[in-house]
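User: I've got a model open and some labels on it puzzle me. Can you walk me through how they were assigned?

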Amino acid sequence: MMWKHKHLLGMESLSREDIGYLLEKGNAYRDYLERSPKGENVLQGYFLINMFFESSTRTRVSFEMAGKLLGMEVINFTTDASSVQKGESLRDTVRTLSRMKVDAMVVRHRSSGIPFYLSQFLPFHIINAGDGIREHPTQALLDLLAMQRSGVDFSHLTVAIIGDILHSRVARSLSIGLQKLGSTVIFSGPPTLIPRGVEVLGGEVIYPVEEAMERADIIYLLRIQKERQEAGYFPSGQEYARYFGLNSNAMDRWGKNKKIMHPGPVNRGMEIASCLVEDERSLIEEQVSCGLAVRMAVLETLLQEGKES
Ligand code: CP
């Protein structure tokens, strides 16, 4: 197939074929990583800048590793040690960097739309690593790859996305991706964290949470974003765990076939009972491994096949 995107800004702009193409490459890289490789040189001479204006472990480190495994030079730009601290604007910061040697920029920012904004005037590839409450496309791609590798048939799959839908770019990107592949999406959680009109994303809203979980093949738990909970959407962590969290009694009732996913970082004992994180039905650690593979696939595809304009 012909890859026609210069940037990766969101799942919304990818077709079903684009998603399938990245999953196929990601799957090959996942197998390749199993063989403990020492790295490739397919992107030797290219420079990647990681620009994270919000904290990250999984996404930032895996983009750095992905770039290095493909032979790239990777620069981690940290706002704390930059002239952002002296008041330099985002636009001036990125325009300054663009006059150096940059081939691709991975950006995470608390404001929705920043990667799109940057793509309008920067000459290199922009990859969205999470923008506000809008999208986190590589998270959705790695989630889809972990599902695919667990043996699901997307056209007969129901995924229940549970929790803080209101603030979740993960929920948005994943639900778009799943529906493009023909799957059914259910949303559930505390009513205060389910935005009015969420049905426009194409999923069904089901209360109570346990019913949504029971109907699903995969229970996808979202992190409670403590940093965005200033309005007090639920009374306490204990109450969240009791009424909206996944516990082992329920999983035991539902048997062996139901899978558990979570994008991380996990609030153990809140969204999910701690013992279920490493349960045999959990894909959480596989998601991390798929993250590295998918980010290799994305970098390789954009830099080798992404259109210049
Ligand atoms: N899931 C995810 O984006 O994790 P990080 O914030 O650690 O990158």
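User: What makes β8 and β9 a strand pair?

Analyst: This is a predicted model, and in it β8, residues 218–221, runs parallel to β9 with three bridges between them. At least two bridges are needed for a pair, so three bridges qualify β8 and β9 as paired. As a landmark, look for Tyr220, which stands opposite Met261 in β9.

User: Which sheet do they belong to, and why are some strands called edges?

Analyst: It's an open sheet of five parallel strands, ordered β7-β6-β5-β8-β9. β7 and β9 each have a single partner strand, so one side of each has no neighbour in the sheet, and that puts them at the edges.

User: What makes Thr57, Arg58 and His136 polar contacts of the ligand?

Analyst: The cut-off is 3.5 Å between N or O atoms. A polar backbone atom of Thr57 is 2.8 Å from a ligand oxygen, so that pair passes. For Arg58, again through a polar backbone atom, the distance to a ligand oxygen is 3.0 Å. His136 uses a polar side-chain atom instead, 2.9 Å from an oxygen of the ligand. Those values fall within the limit too, so Arg58 and His136 also count. As for cover, the ligand alone exposes 260 Å², and the protein buries 91% of that.

User: Where does the ligand sit, and which residues surround it?

Analyst: You'll find the ligand in the largest pocket. Around it are Ser56, Thr57, Arg58, Thr59, Arg108, His136, Gln139, Pro263 and Gly264.

User: How do you know which of that shell is nonpolar, polar or charged?

Analyst: The split is one nonpolar, six polar and two charged. Pro counts as nonpolar and Arg as charged, so Pro263 is in the nonpolar class while Arg58 and Arg108 are in the charged one. Gly counts as polar, so Gly264 goes there.

User: Where are the cis peptide bonds, and what are their omega values?

Analyst: One runs from Tyr207 to Pro208, with omega near -5 degrees. Pro208 is in the loop between β7 (204–205) and α7 (209–215). Another cis bond joins Gly264 and Pro265, with omega about -10 degrees. Pro265 lies in the loop between β9 (259–261) and α10 (274–277).

User: And what makes Ser36 worth a label?

Analyst: Ser36 has a positive phi, near 50 degrees, and isn't a glycine. Look for Ser36 in the loop between α1 (16–34) and β1 (47–52).

Notes. Residues are numbered from 1 along each chain as its sequence is written. This is a predicted model: local features need pLDDT of at least 70, side-chain atom pairs count only at pLDDT 80 or more; totals for chains, interfaces and linings use all residues. Side-chain values use heavy atoms; hydrogens and water are left out. A residue is near a molecule or strand if one of its heavy atoms lies within 4 Å of it. A polar contact is a pair of N or O atoms within 3.5 Å; within protein, one must be able to donate a hydrogen and the other to accept it, and residues adjacent in sequence count only if both atoms are side-chain atoms. Accessible areas come from the Shrake-Rupley method with a 1.4 Å probe; for residues, only the protein chains shown count as cover. On a 1 Å grid over the protein atoms alone, a cavity is a set of points where a 1.4 Å probe fits but cannot get out, and a pocket is an open set with protein on both sides within 12 Å along at least five of seven lines; lining residues have an atom within 4 Å of a point. A molecule sits in a cavity or pocket if more than half of its atoms lie within 2 Å of its grid points. Helices (H or I, at least four residues) and strands (E, at least two) are DSSP runs, numbered from the N terminus.
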